[in-house]
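Please look over the protein shown here. Take the report one topic at a time, and keep the structure in view as you read.

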Amino acid sequence: MAQLLITGGAGFIGSHTCLVLLQAGHSLVVLDNFANSSPEALRRVVELAGATAGQRLQVLEGDIRSSADLERAFAAGPIEGVVHFAGLKAVGESVADPLSYWDVNLAGSRCLLAAMQAHGCRSIAFSSSATLYGLPEQVPIPEGARIQPINPYGHTKAAVEQLLADLAASEQGWRIARLRYSAIN
């Protein structure tokens, strides 16, 4: 089984993903600053995942914008892949405080990708968002729909996706998945 780095792993989607990955037998290093989450979520994940889960889960408090924190996470390796959930996520808040969103979501992702590159890790699943489609022309939204975000949150997600595409075009071997989930039914 793989050893994976999960950024933002104590959040709602991150903690549920950690549970599934631990149940599948993977080892996880979770890096989270707990700004929008709690270490309690990961304690509960370990309880649900079974007897050996605690031995396969390492939790590090830290920030993806910190190269020192990223070095600590990769030192727990070897890290074979990253699932990247860390970031700010409220549309209204992004309108009120766009600088924080650009800093955390884009600059943080850039720092993470630089650390991955430095450590030879080329597999990432990025937690994007359907908000980058803006006001969709049809629902359900086809993956190939036009990218037209209408708020800073969506703009930051679109920018990270462009950064990922540029990185993949510049260097062979990158395996990138973009997860564009939505609350639209």
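What follows covers salt bridges, backbone exceptions, a helix pair and a surface patch. The model is predicted.

**Salt bridges**

Side chains of opposite charge can pair when their charged atoms come close. How many salt bridges does a search of the whole structure find? The search finds eleven. Three of them are set out here, including the distance from N to O.

| Salt bridge | N to O distance |
|---|---|
| Arg44 and Glu40 | 3.1 Å |
| Arg72 and Asp69 | 3.2 Å |
| Arg180 and Glu161 | 2.4 Å |

Start with Arg44 and Glu40, whose side chains meet in a salt bridge. Both residues belong to helix H2. They are four residues apart, so about one helical turn separates them. Glu40 is partly exposed, at 29% relative accessibility. This pair is also part of a network of salt bridges. The network links Glu40, Arg43, Arg44 and Glu47.

Next come Arg72 and Asp69. Both lie in helix H3. Three residues separate Arg72 from Asp69 along the chain, about one turn of the helix. How do the two partners compare in exposure? Arg72 counts as partly exposed, with 38% relative accessibility. Asp69 is buried, because its relative accessible area of 15% is under the 20% cut-off.

The third pair is Arg180 with Glu161, and here the closest N and O atoms are 2.4 Å apart. Arg180 lies in the segment after strand E6 (175-179), while Glu161 is in helix H6, so the pair ties together parts that are 19 residues apart in sequence. Glu161 is buried, at 8% relative accessibility.

**Backbone exceptions**

Most residues other than glycine have a negative phi, and most peptide bonds are trans. Some places in this model depart from that pattern.

Which residues does a cis peptide bond join, with omega about 15 degrees? They are Gly77 and Pro78. Look for Pro78 in the loop between helix H3 (67-75) and strand E4 (81-84).

A cis peptide bond also joins Val139 and Pro140. Its omega is about 5 degrees. Pro140 sits in the loop between strand E5 (123-127) and H6.

Phe34 brings in phi. Its phi is positive, about 60 degrees, although Phe34 is not a glycine. Find Phe34 in the loop between strand E2 (27-32) and helix H2 (39-49). Is Phe34 buried or exposed? Phe34 counts as buried, because its relative accessibility is 15% and the cut-off for buried is under 20%.

**A helix pair**

Now turn to helix H5 (residues 98-118) and helix H6 (residues 152-170). The two pack with their axes 9 Å apart. The angle between them is about 20 degrees. H5 and H6 are therefore roughly parallel to each other, since angles under 35 degrees count that way. Their crossing is right-handed.

**A surface patch**

Which residues form a nonpolar patch on the surface? They are Phe12, Ile13, Leu179 and Tyr181. Together they have about 370 Å² of accessible area.

Phe12 belongs to helix H1 (residues 12-23). Its relative accessible area is 65%. Phe12 is therefore exposed, because exposed means over 50%. Set Phe12 beside Phe34: Phe12 is exposed, whereas Phe34 is buried.

Key:
Residues are numbered from 1 along each chain as its sequence is written. This is a predicted model: local features need pLDDT of at least 70, side-chain atom pairs count only at pLDDT 80 or more; totals for chains, interfaces and linings use all residues. Side-chain values use heavy atoms; hydrogens and water are left out. Patches are made of residues with over 30% relative accessible area and no salt bridge: like charges are joined within 9 Å, nonpolar side chains (Val, Leu, Ile, Met, Phe, Trp, Tyr) within 5 Å. Accessible areas come from the Shrake-Rupley method with a 1.4 Å probe; for residues, only the protein chains shown count as cover. A salt bridge is a side-chain nitrogen of Lys or Arg within 4 Å of a carboxyl oxygen of Asp or Glu. Buried means under 20% relative accessible area, exposed over 50%, partly exposed in between (1.4 Å probe, protein chains only). Axes are lines fitted to C-alpha atoms, for helices over the stretch in contact, and angles run from 0 to 180 degrees between N-to-C directions. Angles under 35 degrees count as roughly parallel, over 145 as roughly antiparallel, 65 to 115 as roughly perpendicular and the rest as oblique. A crossing is left-handed if the near helix is turned anticlockwise from the far one by less than a right angle, and right-handed if clockwise.
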